[in-house]
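Biologist: I'd love a close look at one part of this structure with you. Could you take me through the aromatic pairs, step by step?

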Amino acid sequence: GIVSYPLNRYQRFDLMASWNHYKQAYYYYSYPEASMDVIVPGLSFVHDNTLWGYMGPISGQRAMLVVESSQKALGSDLNFSTGYADIRNYWRISRRYQIALRLLGGISDGPDAQRFYLGGPNSLHGYDYDRFYGTKTVLANFEMRFPLIDRLEMAFPPLSFYGIRGAFFFDIGAAWDKSGSFEPLENTDRA
């Protein structure tokens, strides 16, 4: 659940809490059943003054700072603390062209530190979903968004395509674990 406290039209605090119960049962084997409760309270500060077009944000800024923690003292079976910042800026170059910049950084610590995942069109373009992972992460995205096809109609077969957009982009990011130090040009399966 989430309880929001607005400071003004564009800023708010969110108090969040979740409780998940996981249970694993073995129907064909004599293994014991396993279960786990994960209780995660959190607090976030959100700033959002974006102006949206029909394809997404076209100007303004979105920023979110989040701190959450799962502790055994609260009845959770996991013990971790996580914090991250996600800052996005959008600039309207003209009526149909925008520039988007995203900066993300996060860290999770504790015996059951949570992982951040990078990869896919919403983080590192050109990589498979969740290609890179670790308990620490940094990410920067730069995009120039533009129209490709406004309207394309075919007589046969009777198909129509509308609002197809494109983007030039540059991404840089990494995710790594607390067990290893960050090496920006490391050549491994995990960056």
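Let me start with a single ring: is Phe13 buried, partly exposed or exposed?

Modeller: Happy to! Please keep in mind that this is a predicted model. Phe13 is partly exposed, its relative accessible area being 33%. Five aromatic pairs occur in the structure, and one of them joins Phe13 with Phe45. Their ring centres are 5.4 Å apart and the planes meet at 55°, so this pair is tilted; an angle over 60 degrees would have made the pair edge-to-face. Phe13 belongs to strand β2 (residues 11–24), while Phe45 sits in strand β3 (residues 34–48), so the pair ties together parts 32 residues apart in sequence. Phe45 is partly exposed as well, with a relative accessibility of 22%; the cut-off for buried is under 20%.

Another pair to look at is Tyr117 with Tyr133. Here the distance from centre to centre is 6.1 Å and the angle between the planes is 40°, which again gives a tilted pair. Tyr117 comes from strand β8 (residues 116–118) and Tyr133 from strand β9 (residues 132–134), so this pair links parts that are 16 residues apart in sequence. As for their surroundings, Tyr117 has a relative accessible area of 43% and is partly exposed. Tyr133, at 23%, is partly exposed too. So, to put the two side by side: Phe13 and Phe45 form a tilted pair, and so do Tyr117 and Tyr133.

How values were computed
Residues numbered from 1 in each chain as written. Predicted model: local features only at pLDDT ≥ 70, side-chain atom pairs only at ≥ 80, totals over all residues. Heavy atoms only, no water. Phe/Tyr/Trp six-rings, centres within 6.5 Å; stacked < 30°, edge-to-face > 60°. Helix = DSSP H or I, 4+ residues; strand = E, 2+ residues; numbered from the N terminus. Buried < 20%, exposed > 50% of the residue type's maximum accessible area, 1.4 Å probe, protein only.
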